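Here are some exercises to work through with the model open beside you. Try each task before reading its solution.

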Amino acid sequence: MRILGIETSCDETALAIADFSGSRTKPAIKIRSHIVSSQRDLHTKFGGVVPNLARREHEKNLAAILMRVLEESEILKPGTERTGQKTSRSKFAILDSILGREQELLRQFKESVVPSARPRIDAIAVTCGPGLAPALWVGVNFARALAYHWNKPLISVNHMAGHLYAATLQKNKAGVPTFAHSRVKFPVLALLVSGGHTELVLVQSRKKFIILGQTRDDAAGEAFDKVGRMLKLPYPGGPAISAMAETEVQNSEFSAKDGQIKFPRPMINAENYDFSFSGLKTSVLYFIRGIEKTHSIKKLRPAIAREFQNAVVDVLVAKTLRAAGEYQVRTILVGGGVAASECLRKTLRTRVAERLPNVPLLLADPTLSGDNGLMICLAAYFSGKKTTWRRAHVNANLRIDETT
Ligand code: KG4
Ligand code: ZN
């Protein structure tokens, strides 16, 4: 089964084409193409993602990226790249209505997609939620137009399920992402940490997801981004804080190592699996306000970044371990943008090996932990919902337990 995956829920325009074979319990994958076009530079001057700007960028880029993934995939029969086939007026009228709100995309669609040959693809998968509604709609309408034009089934995908399945791919010795299904045994615990979500999900079977806990306010990635802004670091804050935490403390008066800067670990001991990072973010703000009159924040940044990062990681790791023990899970998966954090990866590896040595820990590869189209292909293959171009729609607040 060959799937085209389309992801536009936030600020990455991402498409991928992958071939699946084998069985669902012993699957194999061939990644034909995989392109992520980040809008990071555009949003950085606003300190975060501006939904309408994101929408416009997706609209500008989708058709061109599609043509690139099709080309890289080598799935157009040689010599049939451009068929010059005539498209009937009624067909155009339907495309006009599907992409009626995306005029620029419609123009490009008619210019590049319509005259091209129909590729050998079995289904088109698209993120329908959760995410930013204006951004999601562009991807969904594009997928609807393709499904209509190529007469192919449409699969609507939950973005968080995508992050979860991304962790089931692990690079082999040759550096090629390969399924690690022999190490994935139910019940599975998934820690999903992104810019919009932080949740612990118990996966009892391919069809049964239970959210054990989630954030009550800011997501972990969001907290990283906001603290990044406080420290005048570029957007997104996560990678910038990670890098800053690695640098030398430039002010010997303060070092996170000896506990001179101490931030809270919110809800670490609470009798539930919920998270809350807003109070932690406020503690950082008050600390900065209290100290900036007498100290250079720039010099203190490594120490603040380190202690903030440690606080987030401590809470994530403590709750993951507790849930894994209580539910006696047989595999732990970790996905979402924050899964790229080296501090989180290292701490989880150490603590899981100490406390749950028999439980495999699968961390999404840092190249696949952030938003990408391949994870949408994966989620479509394992848990997507078949729909049609007429019925596909967006649900910006879609929950992972509504997926199946
Ligand atoms: O999953 P993702 O790409 O997009 C959403 O679905 O939100 O996650 C983006 C988030 C951002 O908040 C970013 O700061 C965070 O992931 N992130 C990191 C790191 N790399 C990305 N957070 C901590 N450490 C990192 N190395
Ligand atoms: Zn994401």
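**Exercise 1. Work out how the donor residues of the zinc ion (ligand 2) are spaced in sequence.**

Step 1. Write the donor residues in order, and the pattern reads H-x3-H-x207-D. Donors here are N, O and S atoms within 2.8 Å of the metal (3.2 Å for Na, K and Ca); water is not among the atoms, so sites may look incomplete.

Step 2. Put names to the pattern: the protein donors are H159 (NE2), H163 (NE2) and D371 (OD), 2.0 to 2.1 Å from the zinc ion.

Step 3. Place the ends of the pattern. H159 is in helix α6 (residues 159-166), while D371 is in the loop between α12 (366-369) and α13 (374-383), so this pair ties together parts 212 residues apart in sequence. Helices (H or I, at least four residues) and strands (E, at least two) are DSSP runs, numbered from the N terminus.

A word on the model before you go on: it is predicted, with local features needing pLDDT of at least 70 and side-chain atom pairs counting only at pLDDT 80 or more, whereas totals for chains, interfaces and linings use all residues. Residues are numbered from 1 along each chain as its sequence is written, chains are lettered from A and ligands numbered from 1 in the order in which they are written, and side-chain values use heavy atoms, with hydrogens and water left out.

**Exercise 2. Decide whether H159 and D371 are buried or exposed, then find out how far D371 is from A14.**

Step 1. Recall the cut-offs: buried means under 20% relative accessible area, exposed over 50%, and partly exposed in between (1.4 Å probe, protein chains only).

Step 2. Apply them. H159 has a relative accessible area of 5% and is buried; D371 is buried too, at 15%.

Step 3. Turn to A14, which belongs to strand β2 (residues 12-22). A14 is buried, at 0%. The C-alpha atoms of A14 and D371 are separated by 7.5 Å, although these residues are 357 apart along the chain.

**Exercise 3. Describe the surroundings of ligand 1.**

Step 1. Start with the shell: of the 19 residues around ligand 1, the nearest are H163, G195, D225, G238 and G337. A residue is near a molecule or strand if one of its heavy atoms lies within 4 Å of it.

Step 2. List some distances. Oxygen atoms of ligand 1 lie 3.3 Å from a polar backbone atom of G196, 3.1 Å from one of G221, and 2.7 Å from an N or O atom in the side chain of D225.

Step 3. Add the elements: α6, α7 (220-230) and α8 (237-246) give two or more residues to the shell.

**Exercise 4. Pick out the backbone features at P130, P187, K232 and M267.**

Step 1. Check the prolines. A cis peptide bond joins G129 and P130, with omega about -10 degrees, and P130 sits in the loop between β4 (123-129) and α5 (133-150). Another cis peptide bond links F186 and P187, with omega about -5 degrees; P187 is in the loop between β7 (177-179) and β8 (188-193).

Step 2. Check phi. K232 has a positive phi near 60 degrees without being glycine, and its place is the loop between α7 and α8. K232 is exposed, at 70% relative accessibility.

Step 3. Finish with M267, a residue other than glycine whose phi is also positive, near 60 degrees. M267 lies in the loop between α8 and α9 (278-291).

Conventions: Polar contact = N/O pair within 3.5 Å; in protein donor to acceptor, adjacent residues only side chain to side chain.
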